[in-house]
Amino acid sequence: MSRNGSSPPAAILDIDGTLVDTNYHHALAWYRAFRRHGVTLPLYRIHRHIGMGGDQLVAALAGEAWDAEHGDDVRELEGRQYMELIDEVRPLPGARELLEVLHARGHAIVLASSAKPHEVEHYLDLLEARELADGWTTSGDVEKTKPEPDLVVAAVEKAGGGPAVMLGDSTWDCKAAERVGVPTIAVLTGGFSEQELLEAGAVCVVTELRELLEHVEATPFGRPVSNRT
């Protein structure tokens, strides 16, 4: 797909914590996985790292040496623990409506996730997003996850290149996008504060998706965007 200069910016939409309410489920799954390997971490510490990919999260929480010895096992176990919770996950209010509005406005939409393919498939079904999205990413599309910018770069490429705007809920979304010059609209639904998100690089913060829908024209989705190259 190619996009001309008159097209609105591509909408690069994070999934976990932004479109679907998963952050606390993931925090609990990581807590249980670490506990099974003899490490008890306060849930608030785990939550502060949700949005960071599993390849980065284990070392950030338990150290590189522990990750080298146990990381693959704890990541595999977190995946199984999370799958026990995934049926409780629901779309966040306004998620489907946002997809419909952005599609109607002519934005190329790419759902940006480094989750496992079967998890992303579940979210696509939950959001009924296949008919509205121009593409999506999974863990197989990136070498390194957030806060590295690989995911944002892959999503922009799937959108056809050119100007893009990120929508995310975590500081890691903001940092990854900022590294490649993509502005981020942040929502508070992931549990990070407005101050944290702004300090991480968000250009604006809304409480939830329904607020974004009310003011979309006043956000980077409604203004010309010139991304850094």
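Analyst: Helices (H or I, at least four residues) and strands (E, at least two) are DSSP runs, numbered from the N terminus. This is a predicted model, in which local features need pLDDT of at least 70, side-chain atom pairs count only at pLDDT 80 or more, and totals for chains, interfaces and linings use all residues. Residues are numbered from 1 along each chain as its sequence is written, and side-chain values use heavy atoms, with hydrogens and water left out.

User: In which strand is the place of Thr 184?

Analyst: Contact means heavy atoms within 4.5 Å. Not counting residues up to four places away in sequence, Thr 184 touches eight residues' worth of listed partners, among them Met 166, Asp 173 and Cys 204. Thr 184 has its place in residues 184-187, which form strand β5.

User: Does Thr 184 count as buried or exposed?

Analyst: Buried means under 20% relative accessible area, exposed over 50%, and partly exposed in between (1.4 Å probe, protein chains only). Thr 184 has 0% relative accessibility, so this residue counts as buried.

User: Which residues touch the most other members of the largest nonpolar core?

Analyst: A nonpolar core is a set of buried Ala, Val, Leu, Ile, Met, Phe, Trp, Tyr and Cys residues joined through side-chain atoms within 4.5 Å. The largest one holds 34 residues. Those touching the most other members are Leu 13, Leu 99, Ile 109, Leu 111, Leu 167, Leu 209 and Phe 221.

User: Which elements give two or more residues to this core?

Analyst: Both helices and strands contribute. The helices are α5 (95-104), α6 (117-127) and α10 (209-214). The strands are β1 (10-14), β2 (109-112), β4 (164-168), β5 and β6 (204-206).

User: What does Leu 209 touch, not counting residues up to four places away in sequence?

Analyst: Leu 209 is one of the core residues touching the most other members. Its partners are Thr 18, Leu 19, Leu 92, Pro 93, Gly 94, Ala 95, Leu 98, Leu 167 and Val 187.

User: How many residues are in the second, separate core?

Analyst: This core is separate and includes Trp 30, Leu 57, Val 58 and Trp 172. The residue count is 23.

User: Where do the buried residues of α3 sit around the axis?

Analyst: In helix α3 (residues 54-62), the buried residues are Leu 57, Val 58 and Leu 61. The arc is taken from the directions from the helix axis to the C-beta atoms. These residues cover an arc of only 95 degrees, so they lie on the same side of α3.

User: What covers the buried residues of α3?

Analyst: α3 is followed by Gly 63, whose phi is positive, near 95 degrees. The cover over the buried residues includes α1 (23-36), α2 (43-47) and α4 (64-83).

User: How many aromatic pairs are there?

Analyst: Rings of Phe, Tyr and Trp (its six-membered ring) pair if their centres lie within 6.5 Å; planes under 30 degrees apart count as stacked, over 60 as edge-to-face and the rest as tilted. Trp 30 and Phe 34 have ring centres 6.0 Å apart and planes at 35 degrees, so that pair is tilted. Phe 34 and Trp 66 have centres 5.6 Å apart and planes at 35 degrees, so that pair is tilted. The count of aromatic pairs is two.

User: How many residues apart in sequence are the parts that Phe 34 and Trp 66 tie together?

Analyst: Trp 30, Phe 34 and Trp 66 form one aromatic cluster. Phe 34 is buried at 0% relative accessible area, and Trp 66 is buried at 16%. Phe 34 lies in helix α1 and Trp 66 in helix α4, so the distance in sequence between the parts they tie together is 32 residues.

User: Which residues does the cis peptide bond join?

Analyst: Most peptide bonds are trans. Here omega is about 15 degrees for a cis bond. Pro 147, in the loop between β3 (135-136) and α7 (150-158), is one partner. The bond joins Lys 146 and Pro 147.

User: What is the phi of Glu 128?

Analyst: Glu 128 lies in the loop between α6 and β3. Glu 128 counts as exposed, at 51% relative accessibility. Although Glu 128 is not a glycine, its phi is positive, about 50 degrees.

User: How far apart are the closest N and O atoms of Glu 121 and Arg 130?

Analyst: A salt bridge is a side-chain nitrogen of Lys or Arg within 4 Å of a carboxyl oxygen of Asp or Glu. Glu 121 is partly exposed at 36% relative accessibility, and Arg 130 is partly exposed at 35%. They form a salt bridge, with the closest N and O atoms apart by 2.3 Å.

User: Which residues are linked in a network of salt bridges?

Analyst: The count of salt bridges comes to 15. One of them joins Glu 76 and Arg 80 (2.7 Å, N to O), both in helix α4 and four residues apart. The network links Asp 14, Lys 146 and Asp 173.
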